[in-house]
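Reader: I'd love a close look at one part of this model. Could you walk me through a single helix and the contacts its side chains make?

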Amino acid sequence: MKRFKGTEGEWFVYGDKYPRIESKNTDERIVVTHPTIAVVTSTFINKEEYTANAKLIASAKKLLEIVLKEKEDLEEDISNNTTYQNKKLELINKVLDEIL
């Protein structure tokens, strides 16, 4: 199984006018400004790590689409829902609540 090579640990969003993402593990900041979507900056991580972070950000929309489709499929197949499927749907809903 492939492993994510970007900054590990939890990230959080803060700021109103120009929302930023910051890692709790490093000084890593991603500043969202207009018209740029994101700028990945750091003085302590290597190129491989910040490239992985940038790729994750770039793929976020597609990943969200996949999660939404999986949620839709689970909800449509409600008659066959197992405990496992219910737990998957619970997790998807939790993630979506944080995103949307």
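Author: Happy to; here is a look at helix H1 and its contacts. This is a predicted model, in which local features need pLDDT of at least 70, side-chain atom pairs count only at pLDDT 80 or more, and totals for chains, interfaces and linings use all residues. Residues are numbered from 1 along each chain as its sequence is written, and side-chain values use heavy atoms, without hydrogens or water.

H1 covers residues 47–76 (helices are DSSP runs of H or I, at least four residues, and strands are runs of E, at least two, numbered from the N terminus). At the start of H1, a side-chain oxygen of Asn 46 comes to within 3.1 Å of the backbone nitrogen of Glu 48. Further along, H1 has a kink of about 50° centred on Ala 60 (the angle between axes fitted to the seven residues ending there and the seven starting there).

Glu 48 also forms a salt bridge with Lys 5, with the closest N and O atoms 3.7 Å apart (a side-chain nitrogen of Lys or Arg within 4 Å of a carboxyl oxygen of Asp or Glu). That pair links distant parts of the chain, 43 residues apart, as Lys 5 sits in the segment before strand S1 (11–14).

Lys 69 has a salt bridge to Glu 72 at 4.0 Å, N to O, and another to Asp 73 at 2.8 Å. These shared partners join Lys 69, Glu 72 and Asp 73 into one network. Asp 73 is partly exposed at 32% relative accessible area, whereas Lys 71 and Leu 74 are among the buried residues of H1 (buried is under 20%, exposed over 50%, partly exposed in between, with a 1.4 Å probe and protein chains only).

Technical notes:
Polar contact = N/O pair within 3.5 Å; in protein donor to acceptor, adjacent residues only side chain to side chain.
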